[in-house]
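Student: I would be grateful for a close look at a single part of this structure, set in the context of the whole chain. Please treat the pairings between side chains with particular care.

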Amino acid sequence: MGAIFSMIDKVASNPRMKRAKARTSKLASTAWWLGGNIAWTVMTGTIVLAVPVFFEYERECQMFEQMAQAQSAQFNAAPTM
């Protein structure tokens, strides 16, 4: 068991491995930062651009429903003589 740990220490102390570990760490932190910025941009764009369109669509649907109810009430009303 001690031989395995000494071999790991020997490999980890290699300058190429240290450089690879540093580059991998930097890549991961950069990817995390970039992913966060992309997520923020997409969500902000959705809130600013898509949500108002959705609310306007819902309001228009309600208006059409009210118009249909009014028209239905007009047709169903008893004719006056």
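Tutor: Helices, of at least four residues, and strands, of at least two, are taken here as DSSP runs and numbered from the N terminus. On that basis, the chain of this predicted model has two helices and zero strands. The part to be examined is helix α2, which covers residues 15-76.

The overall form of the chain comes before the details. Its radius of gyration is 33 Å, whereas the globule rule gives 12 Å for 81 residues; the value is well over that figure, so the chain is more spread out than a compact globule. The C-alpha trace spans about 105 × 30 × 10 Å along its principal axes. Buried residues account for 0% of the 81 residues. The chain has an accessible surface of about 7,800 Å², and carbon and sulfur atoms contribute 69% of that area.

Helix α2 includes proline 15. This proline has a relative accessible area of 55%, and because exposed means over 50%, proline 15 counts as exposed. From proline 15 to threonine 44 the separation is 29 residues in sequence and 43 Å in space, taken from C-alpha to C-alpha.

The aromatic side chains may be taken next. The structure holds one aromatic pair. Its members are phenylalanine 54 and phenylalanine 55, whose rings lie 5.8 Å apart, centre to centre, with 55° between their planes. The pair is classed as tilted because its angle is neither under 30 degrees, as stacking would require, nor over 60, as an edge-to-face arrangement would require. The two residues fall into separate accessibility classes: phenylalanine 54 is partly exposed, at 48% relative accessible area, while phenylalanine 55 is exposed, at 54%. The boundary between these classes is 50%, so the value for phenylalanine 54 places it in the partly exposed class.

Charged side chains form the next topic. The chain carries 8 positive and 5 negative side chains, and 40 Å separates the centres of the two sets. Side chains of opposite charge can pair when their charged atoms come close. A search of the whole structure finds one salt bridge. It joins glutamate 56 to arginine 59, with 2.7 Å between the closest N and O atoms. The cut-off for such a contact is 4 Å, so this distance satisfies it.

Both partners of the salt bridge belong to helix α2, where glutamate 56 and arginine 59 are three residues apart, about one turn of the helix. Glutamate 56 is partly exposed, with 39% relative accessible area, and arginine 59 is exposed, with 53%. Arginine 59 also offers a reference point for distance along the chain: lysine 21 is 38 residues away from it in sequence, and their C-alpha atoms are separated by 56 Å.

Beyond the helix, proline 79 is placed in the segment after α2. Its relative accessibility is 68%, which puts proline 79 among the exposed residues. Between the C-alpha atoms of proline 79 and arginine 23 there are 84 Å, with the two residues 56 apart along the chain.

To return to the part requested, helix α2 holds both ends of the salt bridge between glutamate 56 and arginine 59, in a chain where buried residues make up 0% of the total.

Technical notes
Residues numbered from 1 in each chain as written. Predicted model: local features only at pLDDT ≥ 70, side-chain atom pairs only at ≥ 80, totals over all residues. Heavy atoms only, no water. Phe/Tyr/Trp six-rings, centres within 6.5 Å; stacked < 30°, edge-to-face > 60°. Buried < 20%, exposed > 50% of the residue type's maximum accessible area, 1.4 Å probe, protein only. Rg over C-alpha atoms; globule rule 2.2 N^0.38 Å. Areas by Shrake-Rupley, 256 points an atom, 1.4 Å probe, with all protein chains shown as cover. Lys, Arg positive; Asp, Glu negative; His and termini not counted. Charge placed at Lys NZ, Arg CZ, Asp CG, Glu CD. Salt bridge = Lys/Arg side-chain N within 4 Å of Asp/Glu carboxyl O.
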